[in-house]
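Good morning, and thank you for the time. I would like to introduce a structure that will be new to most of you, and I ask that you keep it in view as I speak.

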Amino acid sequence: MLAELGVNRNGGYADKRVQYDAPGAVSELSAAMKWLWRKEGVPEVVVCIGTDRSTGDALGPLVGSNLIGARIHPIRVLGTLDDPVHAANLTEMIRAYPAILSSRVLAVDASLGKLSDVGSITASFGPLRPGAGVNKQLPPLGRYHLTGTVNVGGFMEFFVLQNTRLNLVMKMASCISEAFVHSLGLG
């Protein structure tokens, strides 16, 4: 656990970062989510961004599929392995569900970062900027978001995402899903 979620020196909210395989990671991440829910309310929609065509970018769809299986009604889940939300259809999805822009949305996506951050999951206030790690200009989404650092960024990002270990991504998705269910008091 690297940073505590709370108010930072600038008066904004600090992020909470949890290493997926640290002892108590699910409890720590769940507590961070509960803190987000207390400030903004429980999400009405979870948008899990990514594609199953790239191992590293499959974090979002894996989380979405896990949450569908967890039956977290009435929270709507968009972005699963069966029906992913990704760069090519994100704008279309927002047009199809315009209410999403005024809903309490939790956005979930994979990210690239420093070697020391690989395996970390970050809970943050504010919208997610999907595609930023691969230089895509996509609409920001969410009242709060979770990102999982799946690999190292900075060079040949598409290649890096394609060559990310599926085992890592699946374990991170499991941690996020389990923590989310616990944050709702369902697990």
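I begin with two helices of what is, I should say, a predicted model. The axes of helix H1, residues 25-40, and helix H5, residues 166-183, come within 8 Å of each other and cross at roughly 50°. An angle of 65 to 115 degrees would count as roughly perpendicular, and one under 35 degrees as roughly parallel; H1 and H5 are therefore oblique to each other. The crossing of H1 past H5 is right-handed.

Which residues make the contact? On the H1 side they are Ala 25, Val 26, Leu 29, Ser 30, Met 33, Lys 34 and Trp 37. H5 contributes Cys 175, Ile 176, Glu 178, Ala 179, Phe 180, His 182 and Ser 183. Sorted by class, the contact of H1 with H5 has nine nonpolar, three polar and two charged residues.

I turn now to the sheet. It is open, with six strands in the order S3-S7-S8-S6-S4-S5 and mixed pairing. Strands S3 (16-19) and S5 (76-78) stand at the edges with a single partner strand each, so one side of each has no neighbour in the sheet. From one strand to the next, the twist averages 20°.

At one of these edges, S3 pairs with S7, residues 120-125, in the antiparallel sense over four bridges. There, Lys 16 stands opposite Ala 123 in S7.

Finally, the helices on the sheet. H1 packs on the sheet, touching S3, S6, S7 and S8, and its direction makes about 10° with that of S7. Helix H2, residues 59-70, also packs on the sheet; H2 touches S4, S5, S6 and S8, and its direction makes about 140° with that of S4.

Key
Residues numbered from 1 in each chain as written. Predicted model: local features only at pLDDT ≥ 70, side-chain atom pairs only at ≥ 80, totals over all residues. Heavy atoms only, no water. Pairing = 2+ DSSP bridges. Helix = DSSP H or I, 4+ residues; strand = E, 2+ residues; numbered from the N terminus. Axes fitted to C-alpha atoms, helices over the stretch in contact; angles between N-to-C directions. Contact = heavy atoms within 4.5 Å. Parallel < 35°, antiparallel > 145°, perpendicular 65-115°, else oblique. Left-handed = near helix turned anticlockwise from the far one by under 90°. Nonpolar A, V, L, I, M, F, W, Y, C, P; charged D, E, K, R; others polar.
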